[in-house]
Amino acid sequence: QVQLVESGGGLVQPGGSLRLSCAASGSIFSINAMGWHRQAPGKQREFVATITNSGDTYYADSVEGRFTISRDNAKNTMYLQMSSLKPEDTAVYYCNAGLVLRRFTRPTDYWGQGTQVTVSS
């Protein structure tokens, strides 16, 4: 079964740091772009960051300079290093990725189940 599984969420004080992980598992031929989104209570899901399969990165203005997205292609895993966290970063964080399951087929968009990040004193 192909799936994305996030981990690393939790409770952290303002100004603190957390690192989220997103691991892709199952029969996968290759992975295109990967990214993070988040959804706070009562708000729509919003883009956080994305990384292409060649390592180019893009960030939302709200996290630029505080969050760093990276990936380990050998492990089919993506990371989000979050620093200088603020209460407004509180949300469920979801990873997504374009997974190519077989050679010569188009990528399919997959989403993880989400991991809660709470920034509070």
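Strands β7 and β8 (residues 77-82) pair in the antiparallel sense over 6 bridges, where two strands count as paired if DSSP finds at least two bridges between them. Strands are DSSP runs of E of at least two residues, numbered from the N terminus. Within this pair, S70 stands opposite Y79 in β8.

The model is predicted: local features need pLDDT of at least 70 and side-chain atom pairs count only at pLDDT 80 or more, while totals for chains, interfaces and linings use all residues. Residues are numbered from 1 along each chain as its sequence is written, and side-chain values use heavy atoms, leaving out hydrogens and water.

The pair belongs to an open sheet of 4 strands in the order β1-β3-β8-β7, with antiparallel pairing. Its edge strands, β1 and β7 (67-72), each pair on one side only. The twist averages 15° from one strand to the next.

Strand β1 (residues 3-7) contains E6. This residue is buried (under 20% relative accessible area, 1.4 Å probe, protein chains only). E6 has no salt bridge, that is, no side-chain nitrogen of Lys or Arg within 4 Å of a carboxyl oxygen of Asp or Glu. The table lists distances from the side chain of E6.

| Partner of E6 | Distance |
|---|---|
| Backbone nitrogen of C95 | 2.8 Å |
| Backbone nitrogen of Q113 | 3.0 Å |
| R45, nearest side chain of opposite charge | 7.6 Å |

Not counting residues up to four places away in sequence, E6 touches ten residues' worth of surroundings that include S21, C22, W36 and Y93; contact means heavy atoms within 4.5 Å.

Definitions and conventions:
Buried means under 20% relative accessible area, exposed over 50%, partly exposed in between (1.4 Å probe, protein chains only). Lys and Arg count as positive and Asp and Glu as negative; His and the chain ends are not counted. A polar contact is a pair of N or O atoms within 3.5 Å; within protein, one must be able to donate a hydrogen and the other to accept it, and residues adjacent in sequence count only if both atoms are side-chain atoms. Axes are lines fitted to C-alpha atoms, for helices over the stretch in contact, and angles run from 0 to 180 degrees between N-to-C directions.
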